[in-house]
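Welcome, and thanks for taking a look at this one. Below is a short guided tour, meant to be read with the structure open beside you.

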Amino acid sequence: NSSVVTEFVLLGLTNTWELEVFFFFIFLLAYAAIVAGNLLIVVAVTFDSHLYSTPMYFLLGNLSFLDMCISTITTPKMVTDFLRETKTISLWGCMAQMFFLHFLGGSEMTLLIVMAVDRYTAICKPLHYTSIMNRRVLMGSVLLSWAVGFVHTMSQMVFTITLPFCGPNIVDDIFCDLPLVLKLACTDTYVLELLVIADSGLLSFICFILLLISYTIILVTVRRRSSGGLSKALSTLSAHITVVTLFFGPIIFIYAWPFSSFSVDKFLSVFYSIITPLLNPIIYTLRNQEMKAAISRL
């Protein structure tokens with residue numbers, strides 16, 4: 001007749017009041033920059049006819065929307081917790097946070113693969129680019145990315161929501177995530193933990209390797225055709241490769257690397273929920289003349 005857990009306690013980043021106030025202002029400014037930067041890209045792509053009709057920018061607008069949503073799931077809660085002595089989240093609030101994190105994360109993972117295919121088509125098959133990456137293909141690709149994200153999160157959450165939680169309720173992180181929450185269940189979760197590692201960690205690692213292979217094929221193809229085209233291709237792909245590395249790197253370490261200290265997980269959680277969504281609009285806008293021109297017109 002043990003009591004049923006109705007809420008979880010998040011330990012956050014620190015227990016020092018001065019550091020919590022400092023982190024409050026830093027992360028509040030960071031979240032404001034994330035929303036402003038990504039929202040600006042979404043609005044620019046939506047209302048600029050040239051960007052909206054260009055496949056690369058259409059996909060970029062969707063990527064910015066996903067980044068903004070992922071940060072919104074975790075950062076506002078984290079920012080307000082800095083001013084609270086007890087950082088709690090309800091059981092179903094924790095479940096919802098994990099559901100949407102994996103839903104949007106799986107969608108963004110698939111969308112990055114679609115963006116790699118778009119760059120391959122644009123660079124290696126320029127004469128057929130508009131016919132291959134037409135509006136129907138783009139809309140289908142975006143819907144597919146959302147579908148993959150939904151299947152990805154449901155394959156894990158359908159088992160997680162049925163777990164009994166009746167003992168410890170301390171989550172040593174800034175938000176709820178499956179590997180830590182599963183350890184708090186009052187039952188054996190060994191099989192489910194393996195499922196999470198296989199579903200999230202290995203899938204992320206495989207997709208990351210496939211993306212690197214695709215970019216290598218693009219560069220090799222361009223180099224065989226002309227030496228001048230290689231520098232242009234590198235300039236075009238550098239932003240994509242940087243974003244892919246920033247996105248997949250933390251996920252692979254969180255789910256597939258045997259850390260003995262949760263402090264590393266906290267750092268990677270901050271990196272994934274704040275740093276990556278903040279850097280994406282900077283990487284894509286500051287080095288892209290068309291995007292800067294569209295924002296100026298806006």
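Helices H1 and H3 are a good place to begin: they count as roughly antiparallel to each other, because their angle is over 145 degrees. The angle between H1 and H3 is about 155°, and their axes lie 9 Å apart. Please keep in mind that this is a predicted model. From this pair, the tour moves to the chain as a whole, then to the other partners of H3, the nonpolar cores and a few single residues.

**More on H1 and H3**

- H1 and H3 cross in a left-handed way.
- The contact between H1 and H3 is made up of 18 nonpolar residues, six polar ones and one charged one.

**The chain as a whole**

- There are 11 helices and three strands in the protein chain.
- In what order do helices and strands follow one another along the sequence? The pattern reads β-α-α-α-β-α-α-α-β-α-α-α-α-α.
- The protein chain has 298 residues, and 48% of them count as buried.
- Looking at contacts with a separation of 6 or more, 78% join residues that are 24 or more positions apart.

**H3 and its other partners**

- Two packed helices are described by the angle between their axes and the distance between the axes.
- H3 covers residues 55-81 and H4 covers residues 91-124; their axes come within 10 Å and cross at roughly 160°.
- H3 and H4 are therefore roughly antiparallel to each other.
- The crossing of H3 with H4 is left-handed, and their contact holds 16 nonpolar, five polar and five charged residues.
- With H6, the axis of H3 comes within 11 Å and crosses at roughly 20°.
- Are H3 and H6 parallel or antiparallel? An angle under 35 degrees counts as roughly parallel, so H3 and H6 are roughly parallel to each other.
- H3 passes H6 in a right-handed crossing.
- On the H3 side of this contact you will find Pro 55, Phe 58, Leu 59, Asn 62, Phe 65 and Leu 66, and on the H6 side Arg 135, Leu 138, Met 139, Val 142 and Trp 146.
- By class, the residues where H3 meets H6 are nine nonpolar, one polar and one charged.

**The nonpolar cores**

- In soluble globular proteins, nonpolar side chains tend to be buried together.
- Which residues touch the most other members of the largest nonpolar core? They are Leu 59, Leu 63, Leu 112, Phe 248 and Met 291, in a core of 57 residues.
- At least two residues of this core come from each of H1 (17-47), H3, H4, H6 (135-160), H8 (190-225), H9 (227-256), H10 (262-286) and H11 (289-297).
- H3 gives the largest share of this core, with 11 residues.
- Another core, of 23 residues, lies apart from the largest one; its members include Leu 182, Leu 184, Ala 185 and Leu 192.
- Back in the largest core, Met 291 touches Ile 41, Ala 44, Val 45, Leu 51, Tyr 57, Leu 60 and Thr 285, leaving out residues up to four places away in sequence.

**Residues to find for yourself**

- Leu 112 sits in helix H4. Its relative accessibility is 1%, which means that Leu 112 counts as buried.
- Beyond its neighbours within four places in sequence, Leu 112 is in contact with Leu 63, Leu 211, Val 243, Val 244, Phe 247 and Phe 248.
- The C-alpha atoms of Leu 112 and Ser 145 are 9.2 Å from each other, with the two residues 33 apart along the chain.
- Val 114 is also in helix H4. With a relative accessibility of 12%, below the 20% limit, Val 114 counts as buried.
- Setting aside neighbours within four places in sequence, Val 114 is in contact with Leu 59 and Ser 141.
- Val 114 and Val 142 are 28 residues apart along the chain, and 8.4 Å separates their C-alpha atoms.
- Ser 204 belongs to helix H8. Is Ser 204 buried or exposed? Its relative accessibility is 1%, so Ser 204 counts as buried.
- The C-alpha atoms of Ser 204 and Phe 248 are separated by 6.3 Å, although the two residues are 44 apart along the chain.

How values were computed: Residues are numbered from 1 along each chain as its sequence is written. This is a predicted model: local features need pLDDT of at least 70, side-chain atom pairs count only at pLDDT 80 or more; totals for chains, interfaces and linings use all residues. Side-chain values use heavy atoms; hydrogens and water are left out. Axes are lines fitted to C-alpha atoms, for helices over the stretch in contact, and angles run from 0 to 180 degrees between N-to-C directions. Helices (H or I, at least four residues) and strands (E, at least two) are DSSP runs, numbered from the N terminus. Angles under 35 degrees count as roughly parallel, over 145 as roughly antiparallel, 65 to 115 as roughly perpendicular and the rest as oblique. A crossing is left-handed if the near helix is turned anticlockwise from the far one by less than a right angle, and right-handed if clockwise. Ala, Val, Leu, Ile, Met, Phe, Trp, Tyr, Cys and Pro count as nonpolar, Asp, Glu, Lys and Arg as charged, and the others, Gly among them, as polar. A nonpolar core is a set of buried Ala, Val, Leu, Ile, Met, Phe, Trp, Tyr and Cys residues joined through side-chain atoms within 4.5 Å. Buried means under 20% relative accessible area, exposed over 50%, partly exposed in between (1.4 Å probe, protein chains only). Contact means heavy atoms within 4.5 Å.
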